Amino acid sequence: TEDGKPTRPSWSQFKWSPSERYLARMTPETSLSIYDVQTMGLVDRKPMKVPGIQDFAWCPHTIVDSRTNQAKPEMIAFWTPEDGNLPARVSLISVPSKTLVRTKNLFNVHTCALHWHPQGQMLCVRVQRYTKSRKSQFTNLEIFRTNERDVPVDIIELKDSAVVFEWEPVSENYRFAIVHSDDPNPPPTNASRMALATAKTSVSFYAFERQGKLVQKEGFKLLKTLGGKNTTNLRWSPQGRHIVLATLRTISACPLEFYDVDFDQAAAAKSGDAGDAITLLESREHYGVTELDWDPTGRFAVSSASSWRHTMDNGYVLWDFKGQMLNKVAVDRFKQLVWRPRPRSLLTEEQKRDVRRNLKDYSKEFDEQDERKVHAADAELMSQRRRLIAEWEAMRERTEAMLQVETEEALSNGYILPAMSDNEDFVVDEVVEEIIEEKEEIIN
């Protein structure tokens, strides 16, 4: 680093390709080693020499060529810093051929961060750059459209520094959100790495616009900027649309803001500005919050205060996607909460789209199945009741027969039965009500 201290290598040292056919390992400043899992040997039997390499990332998803409908080779992105008169460089290579797919030269670079879109069709390189005087810094977002021919690059130049970047996991227009601030340096922290002060930040939302009648030049457009925040982290719902602006691991502030980026579509349609749809649903607080995680369905989120960071009010809070508190649990020496992951869907994307198009037909079919199950459960219940009544009657007949035999034996031995009173016999009427069918209708 600039102060002469050695940099800490990032984990994990080995990174898997999305197909799990390859894994790669970086030797800092020297080379990139790509291994074929089937042979556990290096591709081309030697590492790829990349002088100065700082970081790399696999494309997280296999991309299908729209023209041939065939899967493209897997890709790796990496970057190297400036070296003398040589500029910094971001490179994309295909695997296993190691062919250079796209490269971009960058100047006045302090550092870079690689952010792949979960679907693998976009790569954002967050470039922290120096001004000409080199006394301050700002951020450029270099966005590579990896799913298009020749991989065009969109550039978004910010006036300040972006400290957090997060793609929306599911979005047709490749939305993303950033946290940006005039000061890229984080506030001071204590021994547990809890920030002692809040940072003044803003949050901005961007989306990609295709060329059309109302859009002359396609590219990424700023939707909305929310200023005056202390946000340190962004957490998108796994299903997209909902996002939490969180201030984590900060002693003096702990807000959690739940937003819906598609809430007010009427206002967006009226003004023609998609940013008007972004709406704050709830603003909450969780004192001492250190982590926030969504469940795989995107219906619930959990904020937690871990004793790994501090010992104040350790535990967790369960929220729904609207920001309503569902449960709050205090746990002494609480450490971590992890959602159980969901397996990959067995349906293809085309099958999922077909389900969405014909959802009403599927709903009707499922309602009929539910009704048949209810009737089957009622039939099973009635069968069980008949069986219990039959068992009771059989037991009563055996008891009465046994009583008759004992009575006859007693009479033969001279036993005299007690006299019957006049009001010995009486009748008991019992009314049993049973619900045969219940149906609920919603009348608008």
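Q: Which residues are linked with Arg145 in a network of salt bridges?
A: Arg145 is linked with Glu148, Asp154, Arg210 and Glu218 in that network. Bear in mind that this is a predicted model.

Q: Why would such side chains pair up?
A: Side chains of opposite charge can pair when their charged atoms come close.

Q: How many salt bridges does the count come to?
A: The count comes to 23 salt bridges.

Q: Take Lys229. Which residue does Lys229 form a salt bridge with?
A: Lys229 pairs with Glu257, and their closest N and O atoms are 2.8 Å apart.

Q: What does that pair tie together?
A: Lys229 belongs to strand β17 (residues 219–229) and Glu257 to strand β20 (residues 255–260), so the salt bridge connects parts that are 28 residues apart in sequence.

Q: Are Lys229 and Glu257 buried or exposed?
A: Lys229 is buried, and Glu257 is buried too.

Q: How many residues of β20 are buried?
A: Six of the six residues are buried, so β20 is largely enclosed by the rest of the structure.

Q: Which way do the residues of β20 point?
A: Pro255, Glu257 and Tyr259 point one way, while Leu256, Phe258 and Asp260 point the other way. All of them are buried.

Q: What about pairing? How many bridges does β20 have with strand β19?
A: β20 and β19 (residues 242–246) pair over five bridges, in the antiparallel sense. Within that pairing, His242 has Asp260 as its bridge partner.

Q: And how many bridges join β20 to β21?
A: Six bridges join β20 to β21 (residues 279–285), and these two strands run antiparallel. One bridge there is between Leu256 and Arg284 in β21.

Q: Back to charges. Which residue forms a salt bridge with Glu168?
A: Arg175 does, with the closest N and O atoms 2.6 Å apart. Both Arg175 and Glu168 are buried.

Q: What about Glu350, which residue does its side chain meet?
A: The side chain of Glu350 meets that of Arg357 in a salt bridge, at 3.4 Å from N to O.

Q: Why is Glu350 called partly exposed?
A: Its relative accessible area is 42%, and partly exposed covers values between the 20% limit for buried and the 50% limit for exposed.

Q: Where does Arg357 fall on that scale, buried or exposed?
A: Arg357 is exposed, since its relative accessible area is 55%.

Q: New topic. Where is His117?
A: His117 sits in the loop between β10 (109–116) and β11 (123–130).

Q: Is His117 buried or exposed?
A: His117 is buried, with a relative accessible area of 0%.

Q: What does the side chain of His117 reach?
A: The side chain of His117 reaches the backbone nitrogen of Gln119, at 3.0 Å.

Q: Leaving aside neighbours within four places in sequence, which residues is His117 in contact with?
A: With those set aside, His117 is in contact with Pro60, Met122, Trp167, Glu168, Pro169 and Tyr174. Glu168 came up earlier as the salt-bridge partner of Arg175.

Q: Now sheets. What is the strand order in the open sheet of four strands?
A: The order is β6-β7-β8-β9, with antiparallel pairing.

Q: Which strands stand at the edges?
A: β6 (55–58) and β9 (100–106) do, each with a single partner strand, so one side of each has no neighbour in the sheet.

Q: How many degrees are neighbouring strands turned against each other?
A: On average, neighbouring strands of this sheet are turned by 15°, direction ignored.

Q: What joins β6 to β7?
A: Four bridges join β6 to β7 (residues 74–80), and the two run antiparallel. Asp55 stands opposite Trp79 in β7.

Q: Last topic, the backbone. What is usual there?
A: Most residues other than glycine have a negative phi, and most peptide bonds are trans.

Q: Which peptide bond is cis?
A: The bond from Val95 to Pro96 is cis, with omega near 15°. Pro96 is found in the loop between β8 (88–95) and β9.

Q: What is the phi of Asn108?
A: Asn108 has a positive phi of about 55°, although it is not a glycine. Asn108 lies in the loop between β9 and β10, and is partly exposed at 29% relative accessibility.

Q: And what is phi for Arg193?
A: Phi of Arg193 is near 65°, again positive in a residue other than glycine. Arg193 is in the loop between β15 (176–181) and β16 (201–209). Arg193 is exposed, with a relative accessible area of 57%.

Notes: Residues are numbered from 1 along each chain as its sequence is written. This is a predicted model: local features need pLDDT of at least 70, side-chain atom pairs count only at pLDDT 80 or more; totals for chains, interfaces and linings use all residues. Side-chain values use heavy atoms; hydrogens and water are left out. Buried means under 20% relative accessible area, exposed over 50%, partly exposed in between (1.4 Å probe, protein chains only). A polar contact is a pair of N or O atoms within 3.5 Å; within protein, one must be able to donate a hydrogen and the other to accept it, and residues adjacent in sequence count only if both atoms are side-chain atoms. Contact means heavy atoms within 4.5 Å. Two strands pair if DSSP finds at least two bridges between them. Axes are lines fitted to C-alpha atoms, for helices over the stretch in contact, and angles run from 0 to 180 degrees between N-to-C directions. A salt bridge is a side-chain nitrogen of Lys or Arg within 4 Å of a carboxyl oxygen of Asp or Glu.
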